[in-house]
Amino acid sequence: LTLAIAAVNSPPAIGGECLKQVFNTYCLGGNIDEFTARKRPVFQTPLLDRNAFVFEDPGGYAYVSVFDGRIESVTRLYSPGTMLIYEEIRYPLRRIYGAGTHTSTLPDYAHDSGTIEFAISLGKGRLLDSWQNQGWSILLVWDHPKRIGLTYRHDELHQKLHQVNPNPPDF
């Protein structure tokens with residue numbers, strides 16, 4: 001998992017102006033046409049306010065949200081959703097970016113990994129850690145028993161997307 005999270009000194013990714021390179025391949029803010037000319041998506045769909053692409057990559061699949069022709073966010077899903085996997089993803093992020101912000105919502109009984117997993121399996125809880133950087137953010141979300149999502153987001157494009165649609169659908 002560590003290789004999938006961050007590579008500090010890696011070659012530039014495909015896709016134009018790059019605010020942040022993600023998973024060694026995707027550039028937040030990069031031009032999607034330039035990117036897809038070199039890497040073909042396995043799936044593409046236009047949504048109401050943006051386009052969504054799915055790309056195969058070494059860690060499974062990357063879900064790329066595009067707004068105004070530029071990469072707005074990149075999400076990788078990890079399965080299954082367990083406390084061990086959540087911590088394996090969270091630990092290197094905390095080491096690289098600091099403590100971040102923890103804004104989880106859990107029922108009162110969820111105090112240890114077993115009860116947290118139980119609450120999430122019932123749809124009654126969610127773990128969310130986030131890190132704010134200069135112009136981009138990271139979100140680590142576990143709200144479904146079968147998956148944990150790690151999203152890198154271009155903040156300016158995300159804000160513009162929310163001006164067009166205040167409630168855009170998530171992947």
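A residue is termed buried when its relative accessible area is under 20%. This cut-off is applied below to a predicted model, in which the charged side-chain pairs and the strand pairings of the C-terminal part of the numbering are described in turn.

Five salt bridges were counted in the model. In one of them, the side chains of Arg 76 and Asp 57 meet with an N to O distance of 2.8 Å. Arg 76 belongs to strand β6 (residues 70-78) and Asp 57 to strand β4 (residues 51-57), so this salt bridge ties together parts that lie 19 residues apart in sequence. Arg 76 and Asp 57 are both buried.

A further salt bridge is formed between the side chains of Arg 90 and Asp 129, at 3.4 Å from N to O. Here, too, distant parts of the chain are linked: Arg 90 is located in helix α3 (residues 83-97) and Asp 129 in strand β8 (residues 127-132), with 39 residues separating the two. Arg 90 and Asp 129 are each buried.

Arg 153 and Asp 155 form another salt bridge, in which the closest N and O atoms are 4.0 Å apart. Arg 153 has a relative accessibility of 19% and therefore counts as buried. Asp 155 is likewise assigned as buried because its relative accessible area is 17%. In addition, Glu 87, Arg 90 and Asp 129 are joined into one network by salt bridges that share partners.

Strand β8, which carries Asp 129, is also engaged in strand pairing. Strands β8 and β9 run antiparallel and are joined by six bridges. Within this pairing, Ser 130 has Leu 139 of β9 as its bridge partner. The two strands, β8 and β9, form a hairpin with three residues between them, and Gly 135 in the turn adopts a positive phi of about 90 degrees.

Strand β9 spans residues 136-144 and is mostly covered, with seven of its nine residues buried. Besides its pairing with β8, strand β9 runs antiparallel to strand β10 (residues 147-154), to which seven bridges join it. One of the residues involved is Val 141, whose bridge partner in β10 is Gly 149. Strands β9 and β10 form a hairpin as well, with two residues between them.

Methods
Residues are numbered from 1 along each chain as its sequence is written. This is a predicted model: local features need pLDDT of at least 70, side-chain atom pairs count only at pLDDT 80 or more; totals for chains, interfaces and linings use all residues. Side-chain values use heavy atoms; hydrogens and water are left out. Helices (H or I, at least four residues) and strands (E, at least two) are DSSP runs, numbered from the N terminus. Buried means under 20% relative accessible area, exposed over 50%, partly exposed in between (1.4 Å probe, protein chains only). Two strands pair if DSSP finds at least two bridges between them.
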